Amino acid sequence: VGFVGSCIDITELREGEREVRASRQLFQATLDALGANVAVLDASGRIVFVNEAWRRFADREGLRLPDWGLGASYLDACRAADGHDAEQARHLTSALREVLAGHRPSFELEYPCHGPDQERWFLMRATPVAGAAPAAAVVTHVDVTGLRKAQEERVLLEARVQEVQRFESLGVLAGGIAHDFNNVLTVILGNARLALADQPSESGLGKRLARIRAAAEYARGLTEQMLTYSGKASAALRPLELNALVAGMRGLLRSFATERGALELSLAPELPAVMGDPALLQQVVLNLVTNAAEALGERGGTVRVGTRVLDATPADLAHGLGLPDPAPGPYVVLEVSDTGPGIDPALRSRIFEPFFTTKFSGRGLGLAAVLGIVRGHGGLVLVSPRPGGGTCFQVLLPRTEHVVEPAPEPEPPAPEAVSEAAGATVLLVDDEEGVLELAEEFLRRAGFQVLAASGGREALELMLQRGPEVDAVVLDLLMPEMGGEEVYLALRRLRPDLPVVLASGYSEELAAERFGAPGIAGFLRKPYEPEDLVAAVRAALAR
């Protein structure tokens, strides 16, 4: 028996096998390290490879690996998967067949999967593999639920920022209009006052002048609402009990609410105090109750007013209007709800705009004034539909640890100042010609000498020419070219001891905050009455 033997060097073959195994291991490790679920399909759509993430995904989602594992038909598994929409599954499998057949380069699809607990979203991508049989396509699935939620939250945040910016722009506009309108009202009210002093009130002309003045007084109230909306109204904040404020308005609220329905009060016991202006917060309560009563319509219903305490979270504050970035924490809540038909969602974003109304005719700023007052109190307003119909307005005000003190007794009126200032010279500075002429007549009738300047530069020229004669200055705060602040500083350099009375359509607090300058001898809020102007000048001279 003979043997024929041969010896073949297979070192390179063994090296090649080791390299292939190493490549496979690297391939497997790389795909296992990916966060995406990866499966490789053959030309018929059967699964020939899955990574570890795919196995974990199938286990977490309760998918049966025989249906989704090696050798299974991916197309059949998609069609039979729970939570997949039938039309969506047909679209997915049709597109995947085109990729496997080489008729489509690739495709991706973002689709929802309706699980037992929540809806989740996945991004599927299918990419063909050329010349790597049996692999024909690589399919990846990525859970994008968190990404979609983040995108939705970003869209909501952007919408909220735009809404806040819109209200801020409207506030700036309202404040500017109110300031200019106050100059006009100063002229109307003052001239009507002077004309009434020269006419018998019983005469026909006297009655017409009285009606003009009454209409101007009403317009003064509207400008005050506009300043309130813009956050430029004066607010005397002090610790107060919201329950006591609402209870004190019970009779007034009932007269408004019971015209169309019933009024129910539900005031939480031992409510913490808030820092507030009683008059402004009463306006908030009255506006909200009036709005709720009118929402009931002819069919009637119930208006509910309640108070409570809320330890607000960021989620509670997410949809509030008022401050752009309210801080979580304890708030005192005023709730006013109605059982009416509710607010059309299409109109909900507009209800706080100045003079927007769904009624036949409007009566002022309404909810816009409410928002301005609440914003000035460091709070916010939330609006939500009420279960079963109607709307609920929630006003959130920061609680305070300050103790509520009893209201001070009214001081007796001060005795009339002795007119030692008669004959004193007053420099009057205002860029509005009508206001300037009117104020000059007021002061001259009171016995003062007046130097009138229609702007800052003219006022300084008069000071350089006749400065030693000037005993006091009445200075408008907002003027073009040379503003009141610049004029004031120049006057202080010329005459440090010269008393200056500021005049503005804005509140004294805002004027003082803007000026930030010492030595202001008084403040006049436009539109002012003759006696207000004269009293302010006399007080400044007395200082």
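**A walk from H12 to a cavity**

Start just past helix H12: glycine 378 follows it, with a positive phi near 75 degrees. (Helices are DSSP runs of H or I with at least four residues, strands are runs of E with at least two, and both are numbered from the N terminus.) Before going on, note that this is a predicted model, where local features need pLDDT of at least 70, side-chain atom pairs count only at pLDDT 80 or more, and totals for chains, interfaces and linings use all residues. Residues are numbered from 1 along each chain as its sequence is written, and side-chain values use heavy atoms, leaving out hydrogens and water.

Now select 367–376, which is H12 itself. Nine of its 10 residues are buried, so the rest of the structure largely encloses this helix. Buried means under 20% relative accessible area with a 1.4 Å probe, protein chains only. Among the buried ones are Leu367, Gly372 and Arg375.

Next, jump to asparagine 51, in the loop between strand E2 (47–50) and helix H2 (52–60). Its relative accessible area is 0%, so asparagine 51 counts as buried. Show valine 38 too: its backbone nitrogen lies 3.1 Å from a polar atom of the asparagine 51 side chain.

Last stop: select Leu428, Val429, Asp430, Val435, Ala439, Val474, Asp476, Ala503 and Tyr528, which line the second largest cavity. That cavity holds about 40 Å³ of space. At least two lining residues come from each of strand E14 (425–429), helix H13 (433–445) and strand E16 (472–476). A cavity is a set of points on a 1 Å grid over the protein atoms alone where a 1.4 Å probe fits but cannot get out, and lining residues have an atom within 4 Å of a point.

Note on methods
Buried < 20%, exposed > 50% of the residue type's maximum accessible area, 1.4 Å probe, protein only. Polar contact = N/O pair within 3.5 Å; in protein donor to acceptor, adjacent residues only side chain to side chain. 1 Å grid on protein atoms, 1.4 Å probe; cavity = no way out; pocket = protein on both sides within 12 Å on 5 of 7 lines; lining within 4 Å. Points joined across faces, edges and corners; volume = space filled by probe spheres on them.
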